[in-house]
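Here's a short set of exercises to work through with the model open. Try each task yourself before reading the solution.

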Amino acid sequence: MDDFRAALNAPDLIKARDAHFARLQSLFDGEEPAVPFVLCGISGVGRANPYVETETWMRQAAEDLAAKADRLLDPAVFRPLVIDFGPYGVHYVDRMFGAHVYELAPNNWQVKPLDQPIGNLAPPDPDTDDTWLLTKRAVEAFLELGVSAPLFGLPTIASALNVAVNLYGQEILLAMYESPEAARRDLKVINDLLCSMHRWFLERLPMQQLQPVIAGHRTQPPGYGQLCGCSTQLLPPGLYRDFIAELDDALLSAYPHGGMIHLCGTHTQHIPVWREMRSLKSLQLNDRAAEDLEVYFHGLREDQVFYVNPCPGMPVERIMEITGGRRVVIAADVDPSSIPRVSSVP
């Protein structure tokens with residue numbers, strides 16, 4: 001057995017990971033943690049070109065993780081070992097729908113919107129689409145490694161609205177008013193593809209190792225999914241409720257336990273819908289969205305958890321004032337013992 005395989009199959013690593021999973025599940029179950037839950041994952045880095053030498057890149061990422069593996073043994077901070085495979089960045093799905101996706105700078109992927117009317121979007125053929133074939137190759141390469149401790153971080157499957165905005169720009173928003181049936185049709189085509197992709201991953205990857213995009217800072221207990229809600233800030237509550245909420249619910253419901261929505265802007269107008277969305281179990285807040293933690297914390301259900309990236313507008317101390325450590329995962333490299341506890345939260 002290669003050294004990296006021995007390291008990444010070590011029983012103490014798997015025991016440590018699963019102990020942190022159990023702590024995390026207890027947080028999702030409503031228990032108040034003895035110390036604040038801190039998450040800061042470790043990513044494996046490959047040197048080869050993952051688009052060309054996929055298998056070599058995957059092995060290099062595993063070797064890199066093996067050299068850092070002992071950090072998972074930290075009993076206070078959950079430091080999951082992660083191999084993130086993220087081709088084409090946030091424009092991964094756009095490329096599958098035929099949009100021109102290009103690299104403006106290293107790892108800075110951009111998209112040129114489609115030049116076609118809304119209402120005629122054709123789903124890709126998974127048997128011939130080169131983006132999907134690359135994805136399958138990466139998953140096969142990960143499974144061939146034969147390592148049990150690392151997590152596999154999915155590509156950015158995003159959400160129906162995010163992808164539609166990438167493909168059509170503001171035209172998809174106008175179409176919700178002017179051509180609602182055409183908008184609904186293309187949004188459903190997109191969401192059907194996204195759901196089928198999630199189901200494919202669920203069928204092939206071990207549940208203990210399957211995690212959504214940016215897994216090192218968004219790791220959930222096994223069996224939870226994720227969607228990207230960045231573009232929901234563009235919609236008033238009525239449009240989100242009438243056009244998007246059902247699609248987001250269907251995507252999260254592909255997972256046994258529902259999942260997370262990522263937010264990074266101003267999205268509080270959708271709290272009434274998200275409070276009623278039973279599949280929505282957690283919200284990931286960073287940048288501008290993190291500043292609204294207090295509104296989310298008091299406006300959403302008691303069984304919805306918040307992953308917060310501290311920022312100048314929402315430092316760790318303020319996170320603790322709002323939550324008291326309940327229903328919150330702090331995604332940062334901080335020592336839990338240094339975080340002030342608040343004994344009770346109204």
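Buried means under 20% relative accessible area, exposed over 50%, and partly exposed in between (1.4 Å probe, protein chains only). This is a predicted model, where local features need pLDDT of at least 70 and side-chain atom pairs count only at pLDDT 80 or more, while totals for chains, interfaces and linings use all residues. Residues are numbered from 1 along each chain as its sequence is written, and side-chain values use heavy atoms, with hydrogens and water left out.

**Exercise 1. Place Glu140 and work out whether Glu140 is buried, exposed or partly exposed.**

Step 1: find the element. Glu140 sits in helix H5, residues 130-145 (helices are DSSP runs of H or I with at least four residues, strands are runs of E with at least two, both numbered from the N terminus).

Step 2: apply the cut-offs. Glu140 counts as partly exposed because its relative accessible area is 49%.

Step 3: look across the model. From Glu140 to Arg278 you go 138 residues in sequence and 33 Å in space, C-alpha to C-alpha.

**Exercise 2. Do the same for Val295, and list its contacts beyond its sequence neighbours.**

Step 1: Val295 belongs to helix H12 (residues 293-299).

Step 2: with 43% relative accessibility, Val295 is partly exposed.

Step 3: contact means heavy atoms within 4.5 Å. Setting aside neighbours within four places in sequence, Val295 touches Thr268 and Ile271.

Step 4: try Phe142 as a distant partner. Val295 and Phe142 are 153 residues apart in sequence, and their C-alpha atoms are 40 Å apart.

**Exercise 3. Which backbone oxygens do the side chains of Gln209 and Arg301 reach?**

Step 1: set the rule. A polar contact is a pair of N or O atoms within 3.5 Å; within protein, one must be able to donate a hydrogen and the other to accept it, and residues adjacent in sequence count only if both atoms are side-chain atoms.

Step 2: take Gln209, in the loop between helix H8 (180-204) and strand E8 (210-211). Gln209 is buried, at 7% relative accessible area. A polar atom of its side chain lies 3.4 Å from the backbone oxygen of Ser148. Leaving out neighbours within four places in sequence, the contacts of Gln209 include Arg17, Phe142, Val147 and Ser148.

Step 3: take Arg301, in the loop between H12 and strand E12 (305-308). Arg301 is buried too, at 9%. Its side chain reaches the backbone oxygen of Arg275 at 2.8 Å. Among the contacts of Arg301 outside four places in sequence are Trp274, Arg275, Glu276 and Arg327.

**Exercise 4. Where do Tyr88 and Arg327 lie, and what sign does phi have in Tyr88 and Arg327?**

Step 1: Tyr88 is in the loop between strand E4 (81-84) and helix H4 (92-96). Its phi is positive, about 65 degrees, although Tyr88 is not a glycine. At 10% relative accessibility, Tyr88 is buried.

Step 2: Arg327 is in the loop between helix H13 (316-323) and strand E13 (328-331). Here phi is about 55 degrees, again positive in a residue that isn't a glycine. Arg327 is buried at 4%.

**Exercise 5. Describe the largest cavity and name the strand that gives most to its lining.**

Step 1: on a 1 Å grid over the protein atoms alone, a cavity is a set of points where a 1.4 Å probe fits but cannot get out, and a pocket is an open set with protein on both sides within 12 Å along at least five of seven lines; lining residues have an atom within 4 Å of a point. Grid points are joined across faces, edges and corners, and a volume is the space filled by probe spheres set on the points.

Step 2: the count is 1 cavity of 30 Å³ or more, and the largest cavity has about 50 Å³.

Step 3: strand E9 (residues 225-228) gives the most to this lining, 3 residues. Other parts of the list include Leu154, Pro155, His198 and Pro212.

**Exercise 6. How much space lies in the largest pocket, and which residues lie nearest its centre?**

Step 1: the largest pocket holds about 580 Å³.

Step 2: it has 24 lining residues, with Asp84, Phe85, Gly86, Pro87 and Asn107 nearest the centre.
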